[in-house]
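Me: I have a structure open on my screen and would like to talk a few parts of it through with you. Could you take a look?

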Amino acid sequence: MKFLKPSEYQSQTSEIFISLKKKVHSFLPLARVEHIGSSAIEGMVSKGDLDIFLGVDKEAHTSTLEIIKSFGFEIKQGTLRTDELCMLISASYPIEVAIQVVANGSVFENFLIFRDLLQSDVVLKNEYNQLKESSAGLTEDDYRLKKSAFIENILKVRSVNGKKESHIILRQLTLADKNKFLEANDDPSWMKEGFIFAHYWESIANQDFEKFVKLSPDFAKGLHIPPEHVPCTILAAFNEDGDLVGRTSIRHELNTHLLNIGGHVGYAVVPKHRRKGYATGILKESLNYIRKHFPQIKKVLVTCDASNIGSKKTIEANRGVLENSITYEGKEKLRYWIYLSS
Ligand SMILES: CC(C)(COP(=O)(O)OP(=O)(O)OC[C@H]1O[C@@H](n2cnc3c(N)ncnc32)[C@H](O)[C@@H]1OP(=O)(O)O)[C@@H](O)C(=O)NCCC(=O)NCCS
């Protein structure tokens, strides 16, 4: 086994990833195409290969395999194959390229959880680099076994600062999420709390799930939404078991209202899933999303009612720095900034 330094392979892997992503999207515009594996992580040593996560609805899993095969890929023998996972490889590139075709919401979302954990945890990244470097003398099979044990171990709930933190995957809703969404959205507690679980669900999507799924990516482009609203990415939050546990709304910029009280990020956790660390995980992943997609945003405003202890603790656990408190509609609101460079 030979491992390359990031500078020796990462520009090539990202170039091939970008072109393959474009190609996949020209056939499957709704597919989730994500760069995974070591080459997706800054500073990681690697064999120099490229791994791609391709998430599609379960019903489209088999037809997707045919599309990917038409690109010159073939199913990799000897790897786990289910109706929710299939690995395809191609020999048509100067490096090894593998596409993991995954059913949305399945346990194989773990590919993304592991990548996100590595991206956000320098200590873990160093441990993983050491594992690789110490495996230089191993056969490919022995290395895989060692690597799998490491990954499995970290995917169990990790302890951060002595507290349990729950892993969260943020993603756009797909048609397959209909029942989960309706169950979460119909919870009567939202009404009692005076909180809207899904923005624009009533006002723009007319409570039509298919329409909501179709229009949601447009909200991020500033389309369909009221003129006084800024473009906003709405993502559903799933736990490790694929339960829909909450949502986040990421506003791409601050207008006067948002600068005063709304903030960049708004989140909510489905009542039956509260007090399990999900809000903390949702805000953490929302910050990662901003880091990745909006690098120009260097500090993120998050606000809450002073009386909302859960939200206050969530912001503070994500290193929110209190700027001030203001009174709005008779309520005390706390305004925190979270600095992304630190
Ligand atoms: C506020 C909210 C997001 C918290 O979600 P959650 O998943 O229960 O929060 P977490 O489990 O991540 O908890 C974070 C911390 O707050 C504490 N906490 C959560 N709810 C609490 C409550 N009602 N009272 C006291 N503490 C609470 C947790 O114990 C935890 O503290 P710890 O880190 O010291 O252990 C959730 O109650 C909610 O969705 N409320 C309605 C919508 C809302 O208020 N959104 C925020 C808008 S600013």
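Me: Which residues does Phe195 touch, not counting residues up to four places away in sequence?
Reply: Happy to help, and do keep in mind that this is a predicted model. Phe195 sits in the loop between α7 (189-193) and α8 (209-219). Leaving aside residues up to four places away in sequence, its contacts are Trp190 and Ala268.

Me: Is Phe195 buried or exposed?
Reply: Let's count its neighbours: 10 other C-beta atoms lie within 10 Å of Phe195. A residue with 12 or fewer counts as exposed. Phe195 is therefore exposed.

Me: How are α4 and α5 oriented to each other?
Reply: The axes of α4 (residues 122-133) and α5 (residues 140-155) come within 11 Å and cross at roughly 165°. Angles over 145 degrees count as roughly antiparallel. The two helices, α4 and α5, are therefore roughly antiparallel.

Me: How many residues of the contact of α4 with α5 are charged?
Reply: From α4, Leu124, Tyr128 and Leu131 meet Lys146, Lys147, Phe150 and Ile154 of α5. The residues of this contact include five nonpolar and no polar ones, and the charged ones number two.

Me: Which element gives the largest share of the shell around the ligand?
Reply: The ligand is surrounded by 22 residues, and the closest are Arg274, Ala279, Cys304, Gly310 and Lys313. Two or more residues each come from β11 (265-269), α10 (278-293) and α11 (309-317). The largest share is six residues, and the element that gives them is α11.

Terms used:
Residues numbered from 1 in each chain as written. Predicted model: local features only at pLDDT ≥ 70, side-chain atom pairs only at ≥ 80, totals over all residues. Axes fitted to C-alpha atoms, helices over the stretch in contact; angles between N-to-C directions. Helix = DSSP H or I, 4+ residues; strand = E, 2+ residues; numbered from the N terminus. Parallel < 35°, antiparallel > 145°, perpendicular 65-115°, else oblique. Contact = placed C-beta atoms within 7 Å. Nonpolar A, V, L, I, M, F, W, Y, C, P; charged D, E, K, R; others polar. Near = placed C-beta within 6 Å. Buried ≥ 20, exposed ≤ 12 C-beta atoms within 10 Å, placed from the backbone.
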